[in-house]
Amino acid sequence: MIKQVESFVAKYALFQPGDRVLVGVSGGADSVSLLLALNDLARPLRIALTAAHLHHGIRGREADRDAAFVKRLCAQLKIPLQVGRADVPGLARSRGISLEMAAREARHDFFRRAARAAGARVVATAHTADDQAETVLLRLARGAGMGGLARIAPASSVAGLAFVHPLLTVNRAGVIAFLRSRRAGWREDKSNRDVAILRNRVRHEILPLLERRLNPAIRQALLRTADILREESDWLDDLARGLLRRCRSGEAIRISGLRGKPVAARRRVWRQWLVSRGVPAEAIDFDTVGRIDGLAAGPRGTGQAEIAGGRKVVKSY
């Protein structure tokens, strides 16, 4: 697995010599393997590590034990650790968003603060090949477009901070084999076995069924499809960015600039514009974009469309 990670890091130039890298560590198998792998590679890559663990305020004493485990692990490895705490259920209620989305926002906020404190320009997180296959299937079931089905990029930027995913070519079986070879422990979140949670149902029931009854290599097929869609989506996004620049008037969009354009182009422009105005990409679903496009295409006059997080898009003349 070390060679696999090293090759992936080199292919996409995820780190530069001298980088301080913040590593997100929940205590689960994936994040522990990421920390161990990067610790092995720190010297040859000439990078320095700081670990970061966020207590989400959801699982009570179990979450306390997760934090204690991560502290012990980092002490053994002599890696500096930053620990944060968030009230994710409270954030979800106050923002009117799902628990999953609130947890993601809380993590990103914490990572930004922790990276600033550590002097890190890069945050490494433990997304694996299996995570990606599950996400593609979930989004397909929900009716996602090309962008939603595209594979996670090896590196992306959020509010000026680089997020990288060195384990994207490693599957969960590889992670477990690596940890066992190191005789390394990890924490199991009991909720990961609860098939009432949709992602767990995909992981434990749907994908194994598809492997048995449809295609033994279904995970690889999903990843290959996601790779193709990522490349094509990146190209279409470049075209949409040019259209967005031509339609923009300060922080607003001139509706006349989108008239007569294909609906696929308009959807991408609306999505890019919303992200540029601070709306999290995860909060911009098909219905949100459809409401804004319908508002813009409607009769002359004023109006507004409600979107996630208590925000609204206003049409005026």
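**Exercise 1. A charged side chain in a loop**

Find where Arg-151 lies, and decide whether Arg-151 is buried or exposed.

*Solution.* Start with the location: Arg-151 sits in the loop that runs between α7 (146-149) and β5 (155-158). Keep in mind that you are working with a predicted model.

Next, look at the accessibility. Arg-151 has 11% relative accessibility, and buried means under 20%, so Arg-151 counts as buried.

Now see what surrounds Arg-151. Leaving out residues up to four places away in sequence, Arg-151 touches Gln-132, Leu-168, Thr-169, Leu-223, Ala-226, Asp-227 and Arg-230. One of these, Leu-168, offers its backbone oxygen, which the side chain of Arg-151 reaches at 2.8 Å.

**Exercise 2. Two helices side by side**

Work out how helix α2 is oriented relative to helix α3: roughly parallel or roughly perpendicular?

*Solution.* A general idea helps first: a pair of packed helices is described by the angle between the axes and the distance between the axes.

Here, helix α2 (residues 29-45) and helix α3 (residues 61-77) pack at an angle of about 10°, and their axes are 12 Å apart. Angles under 35 degrees count as roughly parallel, so α2 is roughly parallel to α3.

Then collect the residues that meet. From α2 come Val-32, Leu-35, Leu-36 and Asn-39, while α3 brings Phe-69, Leu-73, Cys-74 and Leu-77. Sorted by class, the contact of α2 with α3 has seven nonpolar residues, one polar and no charged.

**Exercise 3. Two helices that cross**

Repeat the analysis for helix α11 and helix α12.

*Solution.* Helix α11 (residues 263-276) and helix α12 (residues 286-297) have axes that come within 10 Å and cross at roughly 105°. Since 65 to 115 degrees counts as roughly perpendicular, that is how α11 stands to α12.

On the α11 side, the contact is made by Val-263, Arg-266, Arg-267, Trp-270, Arg-271 and Leu-274; on the α12 side, by Phe-286, Thr-288, Val-289, Ile-292, Asp-293 and Ala-296. The classes in the contact of α11 with α12 are seven nonpolar, one polar and four charged.

**Exercise 4. Zooming in on one residue of α11**

Which residues does Arg-267 contact, leaving aside its neighbours within four places in sequence?

*Solution.* First place the residue: Arg-267 belongs to helix α11. With those neighbours set aside, Arg-267 is in contact with Phe-286 and Val-289.

Add a distance along the chain and in space: Arg-267 and Gly-290 are 23 residues apart along the chain, and their C-alpha atoms are separated by 7.7 Å. Finally, the relative accessible area of Arg-267 is 36%, so Arg-267 is partly exposed.

**Exercise 5. Aromatic rings**

How many aromatic pairs does the structure hold? Describe the pair of Phe-110 and Phe-111.

*Solution.* There are four aromatic pairs in the structure. In the pair of Phe-110 and Phe-111, the rings are 5.9 Å apart centre to centre, with 40° between the planes, and the pair is tilted.

Check the surroundings of each ring too. Phe-110 counts as buried at 4% relative accessibility, and Phe-111 is buried with a relative accessible area of 8%. To finish, note that Phe-110, Phe-111 and Phe-163 form one aromatic cluster.

Conventions:
Residues are numbered from 1 along each chain as its sequence is written. This is a predicted model: local features need pLDDT of at least 70, side-chain atom pairs count only at pLDDT 80 or more; totals for chains, interfaces and linings use all residues. Side-chain values use heavy atoms; hydrogens and water are left out. Axes are lines fitted to C-alpha atoms, for helices over the stretch in contact, and angles run from 0 to 180 degrees between N-to-C directions. Helices (H or I, at least four residues) and strands (E, at least two) are DSSP runs, numbered from the N terminus. Angles under 35 degrees count as roughly parallel, over 145 as roughly antiparallel, 65 to 115 as roughly perpendicular and the rest as oblique. Contact means heavy atoms within 4.5 Å. Ala, Val, Leu, Ile, Met, Phe, Trp, Tyr, Cys and Pro count as nonpolar, Asp, Glu, Lys and Arg as charged, and the others, Gly among them, as polar. Buried means under 20% relative accessible area, exposed over 50%, partly exposed in between (1.4 Å probe, protein chains only). A polar contact is a pair of N or O atoms within 3.5 Å; within protein, one must be able to donate a hydrogen and the other to accept it, and residues adjacent in sequence count only if both atoms are side-chain atoms. Rings of Phe, Tyr and Trp (its six-membered ring) pair if their centres lie within 6.5 Å; planes under 30 degrees apart count as stacked, over 60 as edge-to-face and the rest as tilted.
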